[in-house]
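These are my notebook entries on a structure I went through residue by residue. I wrote down what I looked up and what I found.

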Amino acid sequence: LRQKLICPICKELFTHPLILPCQHSVCHKCVKELLMLNHEDSFSTDGGSESSNPGSPRSRVPSPSMERLDRLVRSGSISSPGWRRASVTPRITTFPCPGCQHDIDLGERGISMLFRNFTLESIVERYRQAARAAVAIMCNMCKPPQQEATKSCMDCKASYCNECFKLHHPWGTPKAQHEYVGPTTNFRPKVLMCPEHEMEKVNMYCEVCRRPVCHLCKLGGSHANHKVTSMSSAYKILKEKLSKSIHYLISKEDQVRTQISEIEVLIHQTEENGQLAERRANEHFERLFETLQERKTEMLRSIEQSRNRRLENLRGQVDEYQGMLENSGLVGYAQEVLKETDQSCFVQTAKQLHVRIQRATESLKTFQPAANPTFDEFVLDTSKEELLLKDLTFGGVPDPPMIDLTRSRVYNEGVIHWRLSDDTLPMDYHVLEYRKVDKEEEHGWQSTDHVYGSSTVVTDLESDSIYAFRVRSYRSSMCSPYSPEVTFHTPTATVFNFLFNDKCGYSSERLVLTKRRDSVESTAGMTFLLSAERVQTGSYICLDYIIGDTGITQGRHFWAFRVEPHSYMVKVGVASDSKVLEWFHHPRDTSSPRYDHDSGHDSGSEDTSYDLSQPFMLVTIGMGKLFIPKASITANSDHGNRVLPMPQRIGICLDYDAGRVFFYDADTMRCLYERAVDCSGTMYPAFGLMGSSVVHLEDFCPAKRLSYT
């Protein structure tokens with residue numbers, strides 16, 4: 001249990017834990033150390049909000065240093081968002097969660113927008129009490145010597161012995177109605193208050209943000225367009241789910257123990273095999289060291305022997321030349337022989353001496369050292385061996401890579417990503433293989449060039465075809481097994497490249513485009529609230545439309561996009577230039593139930609006119625669902641068949657020449673819906689957004705800008 005009660009930052013038991021938006025918890029003091037950019041003791045009196053303050057939920061004692069920082073920020077004296085310890089700089093509001101590493105943005109309110117995790121705090125307190133059962137909690141009111149406390153008042157936030165409790169909670173006074181519990185040091189507020197609206201109690205649960213909210217948050221705050229439920233309902237549902245999960249885990253206790261035993265065996269095997277691998281690697285390196293030492297000894301001995309021979313020759317040559325000097329050596333001896341007067345004795349000695357003198361004379365005329373002082377033949381080139389040693393690696397077969405389905409995309413071009421296991425050694429290169437899957441004809445595998453990264457692009461894929469892909473890795477002379485084969489279905493047409501149009505009819509007040517113009521978001525601002533008055537007249541708030549910046553006048557084209565799951569309502573499809581002009585220049589209640597053929601309401605007029613070819617076609621997506629237009633379902637069909645789960649990626653194919661539009665699940669290329677459309681003019685990709693909605697074009701759509709005539 002203790003492992004679950006440890007803060008991931010300070011590695012100690014939680015102290016006043018706060019719940020981050022990602023649902024992980026950290027200590028109050030640890031979050032302050034991450035966010036506050038002044039000395040830690042400058043914030044020791046910071047009370048925070050009622051929900052994150054370790055003390056009373058209503059007490060708010062701002063830190064003087066925090067007030068000074070706020071004044072500096074408001075005055076513009078501080079502009080750098082940087083982080084320098086022990087310097088007066090503004091605090092940051094974004095940091096990575098230590099549990100999941102997701103970026104946490106606390107916004108302008110900072111810590112004050114976080115809830116205290118009182119449940120976790122209570123569990124930690126019970127754990128601490130169990131750990132220090134022998135240490136009693138003392139009365140806070142007794143004069144020395146203090147008595148052991150028998151109860152704690154949750155309103156006074158103090159512990160009392162029996163006598164002091166009676167003294168401070170006299171019968172017949174309001175204090176007698178205070179709530180008291182057994183001795184504790186964990187005093188939690190009776191009611192959880194909203195961190196954004198300090199005087200409001202939380203009474204609802206936001207299913208999108210997964211946090212408690214008050215009614216003001218739902219009416220006009222940041223949760224206005226989110227799905228919420230009552231706190232009692234959320235309590236019942238979550239408690240039931242948690243109870244079922246715990247019951248399931250308890251029922252599987254034998255299985256868990258068996259798996260723990262298996263893991264412990266694997267741990268033991270891992271330790272033994274790791275030690276064996278270390279010993280074997282050590283043995284190989286020792287043999288290498290021994291071989292190197294042997295070669296070093298032999299080669300140094302050869303150098304030494306050559307050096308000694310050369311020195312001996314050169315010293316002999318020096319002695320020989322020393323003899324050519326007067327009164328020394330050969331010359332001195334010859335001078336003495338010349339003094340001989342007996343002719344026979346002179347001739348006997350001079351003959352051999354003359355030969356030696358002539359040899360010395362020739363040597364003098366053609367002087368050449370007796371040995372070469374350089375040792376060029378002993379220069380050692382180890383560059384190849386060094387490269388071999390640098391490339392020294394384990395000779396085992398590499399693990400196969402795995403193709404990443406979440407990042408890979410295949411259209412008329414395919415972008416294939418793969419990943420290696422965490423403990424895999426670096427690879428030299430990879431090779432991707434692919435082939436067309438055809439029941440009637442067997443196609444061979446095609447290979448790409450060597451890929452030195454973890455992704456590659458495959459071009460010239462045929463439309464409306466299934467392709468299989470696999471990849472293998474290479475290291476030194478070894479290659480891994482192939483990865484498991486994965487298949488992708490290419491679209492029924494070539495990719496249509498466009499961006500969102502920020503000129504024609506674009507509403508900058510209610511729509512937000514990214515710089516690349518590949519994502520658009522509708523914001524529920526003041527205009528949206530003012531338009532809500534029209535609900536009283538029976539009309540609906542109009543959609544905000546945006547179209548692609550490139551039109552289609554011929555051919556068959558495909559594009560795909562993603563709609564965020566929390567989006568309230570998005571209409572997607574195609575529209576002609578005349579219809580676009582009508583939407584943008586003659587605004588009216590385009591989401592009125594009597595106006596749009598895909599409104600989803602039971603209007604009889606829809607059925608009578610639905611089969612007529614219109615210059616536009618839009619399908620409704622919202623709240624994680626995709627709604628099939630009603631007239632496409634037969635009268636005997638189940639009404640529930642109109643509502644489908646929203647695909648992760650949605651594809652649209654417009655056949656301009658045939659006058660038909662198709663809607664696909666872009667992951668499986670399963671056609672969800674099709675119908676005729678009047679293509680008498682230039683057709684544009686069209687999107688209508690309402691409430692808090694977001695649409696992202698797939699990366700391949702804005703990747704190339706093609707001209708269509």
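**Entry: Tyr205.** I began by listing the residues that Tyr205 touches, not counting those up to four places away in sequence, and I found Arg210, Arg211, Pro212, Val213, Lys227, Val228, Thr229, Ala234 and Leu238. I then placed Tyr205 in the secondary structure, where it is found in strand β9, residues 204-206. Its relative accessible area is 16%, so I noted Tyr205 as buried, the cut-off being under 20%. I also looked up one C-alpha separation: the C-alpha atoms of Tyr205 and Met231 are separated by 5.6 Å, although the two residues are 26 residues apart along the chain.

**Entry: the model as a whole.** I reminded myself that this is a predicted model, and I read everything here with that in view. For the protein I recorded 13 helices and 34 strands. Of its 709 residues, 37% are buried. I also looked up how the contacts are distributed along the sequence, and among those with a separation of 6 or more, 61% are between residues 24 or more positions apart.

**Entry: helices α8 and α9.** How do the axes of α8 and α9 lie relative to each other? I found that the axis of α8 (residues 329-337) and that of α9 (residues 343-365) come within 11 Å and cross at roughly 150°. Because an angle over 145 degrees counts as roughly antiparallel, I entered α8 as roughly antiparallel to α9. I noted the crossing of these two helices as left-handed. On the α8 side the contact is made by Leu330, Tyr333, Ala334 and Val337, and on the α9 side by Phe346, Thr349, Leu353, Arg356, Ile357 and Ala360. Sorted by class, I have 8 nonpolar, 1 polar and 1 charged residues in the contact of α8 with α9.

**Entry: Arg310.** I located Arg310 in helix α7, which spans residues 253-322. With a relative accessible area of 14%, Arg310 is buried. I asked myself which residues Arg310 is in contact with, once its neighbours within four places in sequence are left aside. The list I wrote down is Ala371, Asn372, Pro373, Thr374, Phe375, Glu377 and Phe378. For Thr374 I could add an atomic detail, since a polar atom of the Arg310 side chain lies 2.4 Å from the backbone oxygen of Thr374.

**Entry: two positive phi values.** Most residues other than glycine have a negative phi, so I kept a separate note of exceptions. Asp464 is not a glycine, yet it has a positive phi of about 50°. Met669 is likewise not a glycine, and its phi is positive at about 55°. I placed Asp464 in the loop between β17 (455-458) and β18 (466-475), and Met669 in the loop between β31 (660-665) and β32 (670-676). Are these residues buried or partly exposed? At 47% relative accessibility Asp464 counts as partly exposed, whereas Met669, at 9%, counts as buried.

**Entry: Asp518.** Last, I looked up Asp518, whose place is in the loop between β22 (511-513) and β23 (519-522). I recorded a relative accessible area of 10% for Asp518, which means that it is buried. What does the side chain of Asp518 make a polar contact with? I found the side chain of Thr514 as the partner, at 2.9 Å.

Terms used
Residues numbered from 1 in each chain as written. Predicted model: local features only at pLDDT ≥ 70, side-chain atom pairs only at ≥ 80, totals over all residues. Heavy atoms only, no water. Axes fitted to C-alpha atoms, helices over the stretch in contact; angles between N-to-C directions. Helix = DSSP H or I, 4+ residues; strand = E, 2+ residues; numbered from the N terminus. Parallel < 35°, antiparallel > 145°, perpendicular 65-115°, else oblique. Left-handed = near helix turned anticlockwise from the far one by under 90°. Contact = heavy atoms within 4.5 Å. Nonpolar A, V, L, I, M, F, W, Y, C, P; charged D, E, K, R; others polar. Buried < 20%, exposed > 50% of the residue type's maximum accessible area, 1.4 Å probe, protein only. Polar contact = N/O pair within 3.5 Å; in protein donor to acceptor, adjacent residues only side chain to side chain.
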